[in-house]
Amino acid sequence: YYVTTEDLPKIYQLTGHGEQSLTSSQQNALAMQNIQLESLSLVSAESIPEDASALLVAGPTVDYTQEDVQVLRSYLEQGGNLMVLTDSSVSTPNLDSLMAEFGMERQQGLVVEGNSSYHARGYNYYLLPKVQSHESTSGLDDLYVMLPYAQAIQFSELENVTQEELLRT
């Protein structure tokens with residue numbers, strides 16, 4: 001794909017709110033899929049770059065400002081894609097309100113799995129979710145994904161909004 005196209009997907013990882021950094025293994029996995037990863041600070045950006053295939057919000061420890069949320073809202077209203085990784089111990093009411101506008105509501109606390117097929121033996125908060133069929137999960141078909149201390153996000157259907165589950169317990 002890298003050789004046959006000039007239009008490689010680019011994901012911007014948002015910074016400036018204490019977001020988590022992707023590990024070198026995660027960055028390498030994206031590079032192996034020919035996905036470019038760049039950092040983007042909403043503090044200095046007035047808009048999202050036009051070449052953004054998606055934005056990644058990776059567990060911010062500080063809430064986004066109303067101005068930041070407006071930049072994200074404009075991007076999403078124009079058909080943009082957003083992946084949000086949350087931390088149940090951090091309060092982000094501004095980010096949460098944006099998520100709610102697009103049918104996603106963070107649930108309080110951690111997910112505790114009752115079905116032993118979906119958690120590590122003896123640790124019902126170390127989730128082993130079922131990987132859903134999706135282009136972005138195609139390389140995970142025969143692998144386990146472990147999510148310790150995960151937070152649930154409830155979806156509600158909205159007109160003109162597409163939500164896609166990647167993992168499910």
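Student: In this predicted model, does R106 count as buried or exposed, and what is its relative accessibility?

Tutor: Buried means under 20% relative accessible area, and R106, at 16% relative accessibility, therefore counts as buried. Its side chain meets that of D96 in a salt bridge, with 2.9 Å from N to O, and this pair links distant parts of the chain, since R106 lies in strand 5 (residues 104-106) and D96 in helix 3 (residues 93-101), 10 residues apart. D96, with a relative accessible area of 24%, is partly exposed.

Student: Which residue forms a salt bridge with K10, and how far apart are the closest N and O atoms?

Tutor: The partner of K10 is E38, and their closest N and O atoms are 3.5 Å apart. This pair, too, links distant parts of the chain, with K10 in strand 1 (residues 10-15) and E38 in strand 2, 28 residues apart. K10 counts as buried at 13% relative accessibility, whereas E38, at 33%, counts as partly exposed.

Student: Which residues are joined into one network by salt bridges that share partners?

Tutor: The network consists of K10, E38 and D51.

Student: How should I read the sheet, and what is the order of its four strands?

Tutor: Strands of a sheet pair through backbone hydrogen bonds, either parallel or antiparallel. Here the open sheet has the order 2-1-3-4, with parallel pairing. Strand 2 (36-41) and strand 4 (82-85) stand at the edges with a single partner strand each, so one side of each has no neighbour in the sheet. From one strand to the next, the twist averages 25°. Strand 3 (residues 54-58) runs parallel to strand 4 and is joined to it by four bridges, and the bridge partner of L55 in strand 4 is L82.

Student: How many aromatic pairs does a search of the whole structure find, and how is such a pair described?

Tutor: A pair of aromatic rings is described by the distance of the centres and the angle of the planes. The search finds five pairs. In one of them, Y123 and Y126 have ring centres 5.7 Å apart and planes at 50°, so the pair is tilted. The rings of Y126 and Y149 also have their centres 5.7 Å apart, but their planes stand at 65°, so this pair is edge-to-face. Y126 belongs to strand 7 (residues 123-127) and Y149 to the loop between strand 9 (147-148) and strand 10 (153-155), so that the pair links parts of the chain 23 residues apart.

Student: Which residues do ring pairs link into a cluster?

Tutor: The cluster holds Y123, Y125, Y126 and Y149. Among them, Y123 is partly exposed at 45% relative accessibility, as is Y126 at 25%.

Conventions
Residues are numbered from 1 along each chain as its sequence is written. This is a predicted model: local features need pLDDT of at least 70, side-chain atom pairs count only at pLDDT 80 or more; totals for chains, interfaces and linings use all residues. Side-chain values use heavy atoms; hydrogens and water are left out. Two strands pair if DSSP finds at least two bridges between them. Helices (H or I, at least four residues) and strands (E, at least two) are DSSP runs, numbered from the N terminus. Axes are lines fitted to C-alpha atoms, for helices over the stretch in contact, and angles run from 0 to 180 degrees between N-to-C directions. Rings of Phe, Tyr and Trp (its six-membered ring) pair if their centres lie within 6.5 Å; planes under 30 degrees apart count as stacked, over 60 as edge-to-face and the rest as tilted. Buried means under 20% relative accessible area, exposed over 50%, partly exposed in between (1.4 Å probe, protein chains only). A salt bridge is a side-chain nitrogen of Lys or Arg within 4 Å of a carboxyl oxygen of Asp or Glu.
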